[in-house]
Amino acid sequence: VWAPEKGQARVAISSVSLQTQKPGLAAWDVDTDITQRRAFQWVHQNAYRLTQLCPPWLLTSSREGQAVRATWDGNLYRLLARVYQLRFMPQVSVVDEEALHRMAPSRLAEKLAEMQTDGVYLDLDTMHDPNPSRIASWLQQCSKALQDRGLGLLVRLPPMMENAGRVRSLL
């Protein structure tokens, strides 16, 4: 803005256009060599295009008999999410259907609420031979348990379930 007299100017805004941000999440596999420091640096550089922060939290498989839990500090990730105005949604990776059904939705919601998260990112992408109706039933129970506590649910479905018809049936 330029005005002939120093310190005085006038401006008229004729229009403003705000675009909504497309959802984007930061997630990585539990078995990668990403250190907490590297994850924080990456989020710092890319936070402007993110809406969720999903550090790996649990890896469940019936072959191992129990869940493998990541060793990160939830308080630090929660603070990082707040600094960049992201939703803090720890990632749970499920390898097979048996492990999914061993996880009680109410217990999962309780633990996430204790950790003061905004919800959970459930990664079912590597699940072997999923039964769509059983998975849909479990997801509906989980969604209800999370909603009762004010928590959100993000789901990455197995590739065979990602067609439009199956997704509509889940909704």
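Colleague: What share of the contacts between residues at least 6 apart in sequence join residues at least 24 apart?
Modeller: This is a predicted model: local features need pLDDT of at least 70, side-chain atom pairs count only at pLDDT 80 or more, and totals for chains, interfaces and linings use all residues. Residues are numbered from 1 along each chain as its sequence is written, and side-chain values use heavy atoms, with hydrogens and water left out. Contact means heavy atoms within 4.5 Å. Among contacts at least 6 apart in sequence, those joining residues at least 24 apart make up 78%.

Colleague: How many helices and strands does the protein have?
Modeller: Helices (H or I, at least four residues) and strands (E, at least two) are DSSP runs, numbered from the N terminus. From that end, the elements run β-α-β-β-β-α-β-β-α-α-β-α-β-α. The count is six helices and eight strands.

Colleague: Which strands are the edges of the open sheet?
Modeller: Two strands pair if DSSP finds at least two bridges between them. Five strands form the open sheet, with mixed pairing, in the order β4-β3-β6-β7-β8. Pairing on one side only marks the edge strands, β4 (68–69) and β8 (152–156).

Colleague: In which sense do β3 and β6 pair?
Modeller: Two bridge partnerships show the register: Leu59 with Ser93 of β6, and Thr60 with Val94. Four bridges link β3 (residues 56–60) to β6 (residues 91–94), and the sense is parallel.

Colleague: Which residue of β4 stands opposite Leu59?
Modeller: β3 also pairs with β4, in the antiparallel sense and over two bridges. Opposite Leu59, in β4, stands Val68.

Colleague: How many of the five residues of β3 are buried?
Modeller: Buried means under 20% relative accessible area, exposed over 50%, partly exposed in between (1.4 Å probe, protein chains only). Helix α4 (residues 105–114) lies across β3, β6 and β7 (119–123). β3 is mostly covered, and its buried residues number four.

Colleague: Are α1 and α2 roughly parallel or roughly antiparallel?
Modeller: Axes are lines fitted to C-alpha atoms, for helices over the stretch in contact, and angles run from 0 to 180 degrees between N-to-C directions. The axes of α1 (residues 36–46) and α2 (residues 74–83) come within 11 Å and cross at roughly 10 degrees. That makes the pair roughly parallel. Angles under 35 degrees count as roughly parallel, over 145 as roughly antiparallel, 65 to 115 as roughly perpendicular and the rest as oblique; the verdict for α1 and α2 is roughly parallel.

Colleague: Which residues of α2 do Gln36, Ala39, Phe40 and Val43 meet?
Modeller: These four belong to α1. The contact of α1 with α2 divides into six nonpolar residues, one polar and no charged (Ala, Val, Leu, Ile, Met, Phe, Trp, Tyr, Cys and Pro count as nonpolar, Asp, Glu, Lys and Arg as charged, and the others, Gly among them, as polar). On the α2 side are Leu76, Tyr77 and Leu80.

Colleague: Which exposed residues lie on the face of α1 turned away from its buried side?
Modeller: Ala39, Val43 and Asn46 are the buried residues in α1. They share a side of α1 because their arc around the axis is only 80 degrees, taken from the directions from the helix axis to the C-beta atoms. Their cover includes β2 (52–54) and α2. The face turned away carries Arg37, His44 and Gln45.

Colleague: What is the relative accessible area of Arg78?
Modeller: Arg78 has its place in helix α2. Leaving out residues up to four places away in sequence, Arg78 touches Phe88, Met115 and Gln116. Arg78 is buried, at 10%.
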